[in-house]
Amino acid sequence: MADMAATIDPQTRETLEAGLSALHLDTALAAPLLDYLALLQRWNRAYNLTAVREPQAMVTRHLLDSLAMLPHLPAQGRLADLGTGPGLPGIPLAIARPALQVALVESNGKKARFLREAVRSLGLDNARVLESRAEAVDEPGAHDLVTARALASLADILAVGGHLLAPGGRLLALKGVRPDAEIAALPQGWELEALHPLAVPGLDAERHLAVVRRAA
Ligand SMILES: C[S@@+](CC[C@H](N)C(=O)[O-])C[C@H]1O[C@@H](n2cnc3c(N)ncnc32)[C@H](O)[C@@H]1O
């Protein structure tokens, strides 16, 4: 694993460590996160997994953006990350919270192949890959949390993945500007529990975490 992160330049490492500190996270997380970043960079050349290619931008827009939601996440439980793409936010969350059981749900075959390799080579015992459309995942009520970033509107996320949530479960959706129109359009039976503004170190853009639960 040390070999993988050796391809990362010192400035990128510093940006990550500073960001982890700003998020009050252990800087020891930098090592496994950089291993993931190095793998993502390597595979991105052939697989086109993300349009963000510059390493420092990857740290900010992928790693730190994913980790900024951690204060709103329980330490343990079962989490399904829908439309995870190359593992965002699911892989950084699985790295930072080893007691979370993370299902990485992705329908694209190339991305799922990368995810399987990432889980294997990073030794992520708490993550598994489901190469499937979210709506076809046959695990009704099996997850305490569903996460999604850049997948769809809140209503559409619930349409494809609401069935995965346990009765007391929560959808945690990462959004940019306040998603007021999406909140107003939540389907019957679901309600907004909280909307948390998130500060992502080094990112000059609005971020919000929408927490949605079944209506009482
Ligand atoms: C815009 S990308 C976002 C990837 C990642 N969440 C991120 O934030 O970088 C959306 C991903 O969702 C996947 N996707 C779209 N609809 C899906 C569905 N119904 N079930 C599973 N994956 C889906 C796509 O293949 C794509 O990889």
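These are my notes on the ligand shell, a few of its residues and one helix pair in this structure.

**Entry 1: the model.** I am working from a predicted model, so I read everything below as computed from it.

**Entry 2: around the ligand.** I started with the ligand and asked how many residues surround it. I got 17, and the closest are Gly83, Gly85, Asn108, Ala134 and Arg149. Then I sorted the shell by class: seven residues are nonpolar, five are polar and five are charged.

**Entry 3: the record.** I looked up the UniProt entry, which is unreviewed. Its "binding site" annotation covers Gly83, Leu88, Ala134, Glu135 and Arg149. I picked Ala134, Glu135 and Arg149 for a further look.

**Entry 4: Ala134.** I found Ala134 in the loop between β3 (127–131) and β4 (143–149). Is it buried or exposed? Ala134 counts as buried, because 25 C-beta neighbours fall inside 10 Å and the cut-off for buried is 20 or more. Next I listed its contacts, setting aside neighbours within four places in sequence: Leu82, Gly83, Val105, Val160 and Gly161. Of these, Gly83 also turns up in the UniProt annotation. I also checked one distance, to Gln56: the two residues are 78 apart in sequence, and their C-alpha atoms are 31 Å apart in space.

**Entry 5: Glu135.** Glu135 sits in the loop between β3 and β4 too. Its burial comes out otherwise: I count Glu135 as partly exposed, because it has 14 other C-beta atoms within 10 Å, and that value falls between the limits of 12 and 20.

**Entry 6: Arg149.** I then moved on to Arg149, which lies in strand β4. With 22 other C-beta atoms within 10 Å, Arg149 is buried. Which residues does it touch, leaving aside neighbours within four places in sequence? I noted Leu88, Pro89 and Leu174. Leu88 is another of the positions under the "binding site" annotation.

**Entry 7: α3 against α4.** Last, I turned to a helix pair. Helix α3 covers residues 30–47 and helix α4 covers residues 55–67. They pack at an angle of about 115°, and their axes are 11 Å apart. I have the crossing down as right-handed. On the α3 side, the contact is made by Leu33, Leu37 and Gln41; on the α4 side, by Pro55, Met58, Val59 and Leu63. By class, I tallied six nonpolar residues, one polar and no charged ones in this contact.

Notes:
Residues are numbered from 1 along each chain as its sequence is written. This is a predicted model: local features need pLDDT of at least 70, side-chain atom pairs count only at pLDDT 80 or more; totals for chains, interfaces and linings use all residues. A residue is near a molecule or strand if its C-beta atom, placed from the backbone, lies within 6 Å of it. Ala, Val, Leu, Ile, Met, Phe, Trp, Tyr, Cys and Pro count as nonpolar, Asp, Glu, Lys and Arg as charged, and the others, Gly among them, as polar. Helices (H or I, at least four residues) and strands (E, at least two) are DSSP runs, numbered from the N terminus. Two residues are in contact if their C-beta atoms, placed from the backbone, lie within 7 Å. Axes are lines fitted to C-alpha atoms, for helices over the stretch in contact, and angles run from 0 to 180 degrees between N-to-C directions. A crossing is left-handed if the near helix is turned anticlockwise from the far one by less than a right angle, and right-handed if clockwise. UniProt positions are given in the numbering used here, feature names are shortened, and annotations may be inferred rather than shown by experiment.
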